[in-house]
Amino acid sequence: RAIGAILELRPEGAELLHGEMVEVEQVPVGTIVVVRPGAKVPLDGVVTRGASTVDCAALTGESVPISKKPGDEVAAGTVNQAG
């Protein structure tokens, strides 16, 4: 049940770099996706450009947003705050 609850945090779609929306299951490994402010991170991955804070509360219980920059890992279901 806990794993099912975590999977429900993940959005169903992902925005590709050129603007196309696709189902998360159709995103090949290594594809760059766009995560706009206020949107959930659709897949586990690594930040390639930009910087932001990410709300991990629903996944980890951490109440303070965590800063992310290029090279940092992000988890599916977390929420991009500002960048």
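This briefing describes a sheet, two salt bridges, a buried residue and a pocket in one structure. The model is predicted. An open sheet of three strands appears in it, with the order E2-E1-E3 and antiparallel pairing, and a search of the whole structure finds two salt bridges. The largest pocket holds about 700 Å³ of space.

**The three-stranded sheet**

- The edge strands of this open sheet are E2, which covers residues 21-23, and E3, which covers residues 33-34, and each of them pairs on one side only.
- Strand E1, made of residues 13-16, runs antiparallel to E3, and two bridges join these strands.
- Leu16 has Val33 in E3 as its bridge partner.

**The salt bridges**

- Side chains of opposite charge can pair when their charged atoms come close.
- Glu15 forms a salt bridge with Arg36, and the closest N and O atoms of this pair are 2.9 Å apart.
- Because Glu15 lies in strand E1 while Arg36 lies in the loop between E3 and strand E4 (45-46), the pair ties together parts that are 21 residues apart in sequence.
- Glu15 has a relative accessibility of 15% and therefore counts as buried, since buried means under 20% relative accessible area.
- Arg36, with a relative accessibility of 48%, counts as partly exposed.
- Asp72 forms a salt bridge with Lys69, where the closest N and O atoms are 3.5 Å apart, and Lys69 counts as partly exposed at 48% relative accessibility.

**Asn80 and its contact with Arg36**

- Asn80 is found in strand E8, which consists of residues 79-80, and this residue is buried, with a relative accessible area of 6%.
- The side chain of Asn80 reaches the backbone oxygen of Arg36 at 3.4 Å, while Arg36 also takes part in the salt bridge with Glu15.

**The largest pocket**

- Rolling a probe the size of a water molecule over the atoms shows where empty space is left.
- About 700 Å³ of space lies in the largest pocket, which is lined by 29 residues, and the closest of these to its centre are Val33, Val35, Val46, Val47 and Thr48.
- The elements that give two or more residues to this lining are E3, E4 and strand E5, the last of which covers residues 52-55.
- Sorted by class, the lining of the largest pocket has 17 nonpolar, eight polar and four charged residues.
- Val33 links two of these topics, as the bridge partner of Leu16 in the sheet and as one of the lining residues closest to the centre of the largest pocket.

Note on methods: Residues numbered from 1 in each chain as written. Predicted model: local features only at pLDDT ≥ 70, side-chain atom pairs only at ≥ 80, totals over all residues. Heavy atoms only, no water. Pairing = 2+ DSSP bridges. Helix = DSSP H or I, 4+ residues; strand = E, 2+ residues; numbered from the N terminus. Salt bridge = Lys/Arg side-chain N within 4 Å of Asp/Glu carboxyl O. Buried < 20%, exposed > 50% of the residue type's maximum accessible area, 1.4 Å probe, protein only. 1 Å grid on protein atoms, 1.4 Å probe; cavity = no way out; pocket = protein on both sides within 12 Å on 5 of 7 lines; lining within 4 Å. Points joined across faces, edges and corners; volume = space filled by probe spheres on them. Nonpolar A, V, L, I, M, F, W, Y, C, P; charged D, E, K, R; others polar. Polar contact = N/O pair within 3.5 Å; in protein donor to acceptor, adjacent residues only side chain to side chain.
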